[in-house]
Amino acid sequence: MNSKLITKRSCILVGAGEPPSYQIDVSAQDYLVAVDGGYEYCRQWGLVPDLILGDFDSVSETMNAEIAAIQKEKPDKIRVLPIMKDDTDTLAALRIGLDKGYCSFIIYGGIGGRTDHTIANIQCLQFLKDHGADGYLVSDREMLFLIRNERVKFPPKSFGLFSLFALQNQVLGVTIRGMKYPLEKAMLTDAYPIGISNEFIGEEAEVTVERGTLLAVMQLESGNMM
């Protein structure tokens with residue numbers, strides 16, 4: 001991952017959580033999936049999803065009727081999931097994106113709303129890492145992503161708060177450079193939140209993890225994913 005965090009063609013998911021207040025960017029190379037109630041946000045932004053997926057338990061009666069009409073005309077654009085299932089709607093959408101060869105996933109509407117859904121989506125980031133892909137949970141104010149056995153660089157224009165949390169008992173060889181609070185080959189644990197509230201200082205910064213997985217929480221300007 002280079003200094004521009006998201007550079008590749010992406011599978012973009014729009015979920016039913018708190019949506020960003022800005023118009024999201026979708027390129028011709030991207031694959032857009034409306035996940036359940038996220039379809040209503042896509043309609044508000046004037047976006048036509050490549051796929052509409054879910055058990056549709058969070059969709060209004062009007063939207064359900066519209067989805068049914070689309071299914072009748074273009075059945076390949078709708079994937080109806082059972083309400084009783086093991087995979088969340090988001091995880092089911094990620095599996096489809098992986099099958100299509102995507103290795104970068106941007107998830108809007110996956111933070112906020114129900115806390116259990118937010119935690120489930122953080123676990124989905126782990127699922128993506130386990131399958132060789134990168135995932136980003138994006139809201140108006142922040143972006144969540146994982147750093148695992150790698151070095152991630154951040155450009156000098158990065159600003160604001162940046163926090164790191166261990167997702168396992170021990171994460172080894174954690175080095176932070178170019179931020180207010182540097183660190184050199186430290187061990188972070190999941191029982192001591194020492195990585196919270198670091199700050200960018202206008203320099204190129206980098207985080208290295210030699211072994212293990214960290215959850216990064218990065219402050220954003222509205223609509224700007226760097």
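**Sheet and cores in a predicted model**

Visitor: In what order do the ten strands of the open sheet stand?

Guide: This is a predicted model. Its open sheet has ten strands, and their pairing is mixed. The order is 4-3-2-1-5-6-7-14-9-12.

Visitor: Which strands stand at the edges, each with a single partner strand?

Guide: A strand with a single partner has one side left without a neighbour in the sheet. That is the case for residues 78–80 and for residues 198–199. The edges are therefore strand 4 and strand 12.

Visitor: Which residue in strand 5 stands opposite Ile 12?

Guide: Strand 1 covers residues 11–14, and strand 5 covers residues 104–108. The two run parallel and are joined by four bridges. Opposite Ile 12 stands Ile 106.

Visitor: What angle does the direction of helix 1 make with that of strand 2?

Guide: Helix 1, residues 38–45, packs on the sheet. It touches strand 1, strand 2 and strand 3. Its direction and that of strand 2 make an angle of about 125 degrees.

Visitor: Which strands does helix 3 touch?

Guide: Helix 3, residues 89–99, also packs on the sheet. Its direction makes about 140 degrees with that of strand 3. The strands in contact with helix 3 are strand 1, strand 2, strand 3, strand 4 and strand 5.

Visitor: Which residues touch the most other members of the largest nonpolar core?

Guide: This core has 43 residues. Helix 1 gives the most to it, with four residues. The residues that touch the most other members are Phe 145, Phe 154, Phe 162 and Leu 164.

Note on methods
Residues are numbered from 1 along each chain as its sequence is written. This is a predicted model: local features need pLDDT of at least 70, side-chain atom pairs count only at pLDDT 80 or more; totals for chains, interfaces and linings use all residues. Side-chain values use heavy atoms; hydrogens and water are left out. Two strands pair if DSSP finds at least two bridges between them. Contact means heavy atoms within 4.5 Å. Axes are lines fitted to C-alpha atoms, for helices over the stretch in contact, and angles run from 0 to 180 degrees between N-to-C directions. A nonpolar core is a set of buried Ala, Val, Leu, Ile, Met, Phe, Trp, Tyr and Cys residues joined through side-chain atoms within 4.5 Å. Buried means under 20% relative accessible area, exposed over 50%, partly exposed in between (1.4 Å probe, protein chains only).
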